Structures are given as structure tokens and as C-alpha cells.
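Me: I would like to go through the terms used for this structure and what each one rests on. Please show it first.

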Amino acid sequence: MHRLLADPSLVAMASEVGAAAVKTAADAVLGDARARIAAGDEVTPSLEALAARVRAHVEGVRAGDFIGVVNATGILLHTNLGRAPLASQALEAIAALGGYSNLEFDLTTGARGSRHGHVTPSLRALTGAEDALIVNNCAAAVLLALDSFARGREVVVARNSSIEVGGGFRLPDVLARSGARLVEVGTTNRVQIEDFAKALTPRTALLLRTHPSNFRMEGFVSDVLPRDLAALGRRAGILTFEDLGNGALVDLRAFGLARERTVIDAIADGMDLVAFSGDKLLGGPQAGIVVGKRAPIARMLANPLMRALRVDKSTLAALGATLRLYRDPGCIREIPIYAMLAQTIEQLRERAGSIATFPGIEARKVTVVESQAFAGGGTLPLSAIPSVALCIEASGVAPGEIVRLLRACRPPIVGRVQGGNVLLDLRSFAPVCDTAVARSLASILGS
Ligand SMILES: *Cc1c(COP(=O)(O)O)cnc(C)c1O
């Protein structure tokens, strides 16, 4: 190590980016080389070759390569960290496509096929809906629905549904952009079915309901039952659309969370169209899924905008594989977010204990503490999930500096600073990451 760090190119680099960043990279490179040598994959590389790898490593970190990170924030669906991690079955499904695939090719007839056809049977079976389509994300699904049915017409929305979900998605703005006119009914806290009934005109195209993703209202509140809204739409011959957002397909109480409205509930309530994200509580790739009645889905599929909003083959492969896991209730825990939610406090404590006592980590520097994790991704804002974290204390080193060093590791580790301490929450990363986390901590705390 000291010979490597004395290499003139690395000394120069250290004066530019800091000795710690170079040391961290050197640790990773040497660790990797040792493992390869031990596995017989490599003969001992020269000092020059190792120095070059360290330089590439530091440059890679600086260049902001698109790479995997360890999510130790405790936020399971962290939008900045890519929301839902994919199941290994989903990753394998992408790899299995190889170069070409039958994306839009019917292998029986040899004629053109539908890219949606690969996942609609699963979606129908899982949700009870007649048909389904997939677009780039839930925001695109809402835009497509509004463009297909409501351009130049009116959309009736309760004031409690006129929401912003973050990341620039504000329902009134999306509506305005689609050329639909927003008709708000009720008050911020209370709305009744009569409010909707009174707002109907010959120009009404859609009755819209949105999930209050990242906020909750309490106290003197009342809402319209979705089933009553669906019934009103049916009586009046007006489409009902529910923007469900998180797209839970299972009862979350089985995972220690509050009961969330599921896609199955929305279809059973009689909503004509239900839109949700693929990468929130579904635990799949980024996508916007619309399920519902056959005729309106067909109309959306025929919209020229569909061509601009359609998804890539890898998205469909990953989504199809994720949905297959739901078809066997025993496999749901293989979906990473559900695997993470299903971990017991004892399991988390045991993992934390092994990391904290990893060779090279001094006892006092890393302690195991109680923590609170959250589902994140604009879902279940009030449901804190009991968790366990590693609390890192390096005397004389500011928390901000520790989190910076953690981000410079390979893979980078993203933790959180809380009450002047750096916390690494165990619930939001998989046990396969534990050794990498332990090695990186030993390296950082040892220097
Ligand atoms: C998250 C969310 C969206 C946006 O979903 P994306 O897939 O990120 O586009 C839209 N509506 C609701 C209610 C949401 O919760």
C-alpha cells in the first residue's frame, strides 16, 4: 500500500482530490487484485498497472459514472437512488433477451405482435382488470389518459386530489398542459359525492381521483368512496380514472405497514382506469401501468402520443419477471423491497453486529443503534418502520467528512447524518452488501 501511494502520479492526484479519496480507491483496487489473485484469475500486477487502476477508480468516482450504490439511508424507495431495486429474476430476464427479442413479433404467426402483450396477461390475472398498457412512468400514464379523453373538455377533481407528488408533478399543471379544463369540487378537507354530481356538464370527460401519495390529512376530513365515484361515472356515462401512484398489489399489513389501497381494490371498486408506477410498491422497473376496461385502454393505445411514451424492451422484460413473482404468493419476498421489509429486527441486529465487529473496525467507532426506516418514493409518509443502524463515530472527523468518504467508496455508500452522527440503516440494503460495507468502514476508520 505505501509503495503504491508513493507512486508520483498518485501523489499528484492526492494533492488534487485529497489523500483520503486516493487511499480509498487504492484499498478497493488492492482488495480486488488480491481476490482475483486468490481466485487464480490474475497474476500479481505491476505497481504501474495498479497505480493506473487507482487513477481510473478515482476518475470514475469524480466523473460521476452511472454505478450501483449501497443505499444505507433507510429510505427503501429512494427516488434519487433509483427507487425500487430490481429482483434478480428481473435482471436475468433483461440479460436473457440477448441481442434481439420477439418484442413486437408473434413467433406463432410470424406477423407483427404487440409489445404490451408480454405483460398484459399477468396484469389481468393479478388485478382483475380487462386490459392493460405500459408507458414510461405514471406521470406519462396520467398525461396519456388526459390527452386521450379530456383535451378541450372538463375533468372533475376533488380539491383534496389537486396534489403535487414532488419532482415537478403537479396535477393542475399536467391537466393544463393536456388541454383539459380542471373543475375542482368540494373543499380542501371535505368532499361529497353530491359535489361531483353537481359539477357534471355535457363537457365533462373524466372523473379523476388521485392518491394522496406523500401527505395525509387528519381531523375534520371526509372523502368520496371510490366505489361511489365509480357508480356515479357509470350512471352518467362518464369515465372514472384513478391515479393510484404507488401501485401496491399486496396487503402491506403482512409486512408490518399500514394497509394501503391496492390496484385490486381500485378495480374491484369499479374504476374504469387505474394508473400506477412500476418502481414504487410494485418493486419493478420504472414504468407507468394503466389497467382497466378494454375500450378506454384500446383508445389510449391508439393515441399517437403512445409512440412517444412507450417503454423499452428491458423495461418489459423486468416488469414481466417481477409480475411473475406475484403470481406465487410464496415468491413475493424475492422482490427486493419486500425482502427488505420482511427482515426482522433480530436479523438486522445480527447483520449490524457482524459489520461492527469486522476485523479492522475498532469497537468504539461503530455502534449498533435503533433506527427508523421509511418506504419512501412518496408512499406511506407516516409509517415509520422499526430498523437497526450502524452509528459511526470518528473522533475529530466531522459527520459531513465521513459521509463524503463513504460516498467515495466502491461501491459508494450513502448514509444519513442524524443528530450529529452518521447512521447506516441496515433495512435499505441487501445482506449481500454487508461485506463491502464492512471492508469500506474498516478502510475509512483505519485511516
Ligand atoms: C409517484 C406518483 C406519480 C408519478 O409517478 P412516476 O412513475 O414517478 O411518474 C403520479 N401520481 C401519483 C399519485 C404518485 O404517487
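Me: What makes the pair between the ligand and Ser277 a polar contact?
Reply: An oxygen atom of the ligand is 2.7 Å from an N or O atom in the Ser277 side chain. A polar contact is a pair of N or O atoms within 3.5 Å, so this pair counts. The ligand alone exposes 380 Å², of which the protein buries 93%; these areas come from the Shrake-Rupley method with a 1.4 Å probe.

Me: What kind of model is this, and what is left out?
Reply: The model is predicted: local features need pLDDT of at least 70 and side-chain atom pairs pLDDT 80 or more, while totals for chains, interfaces and linings use all residues. Side-chain values use heavy atoms, without hydrogens and water, and residues are numbered from 1 along each chain as its sequence is written.

Me: Why are E4 and E6 called paired strands?
Reply: Strands are DSSP runs (E, at least two residues), numbered from the N terminus. Two strands pair if DSSP finds at least two bridges between them. E4 (residues 154–158) and E6 (residues 204–210) have 4 bridges, in the parallel sense, so they pair. Val157 has Leu208 in E6 as its bridge partner.

Me: What makes E3 and E5 edge strands?
Reply: The open sheet has 7 strands in the order E3-E9-E8-E7-E6-E4-E5, with mixed pairing. E3 (131–135) and E5 (181–185) each have a single partner strand, so one side of each is left without a neighbour in the sheet.

Definitions and conventions
Polar contact = N/O pair within 3.5 Å; in protein donor to acceptor, adjacent residues only side chain to side chain.
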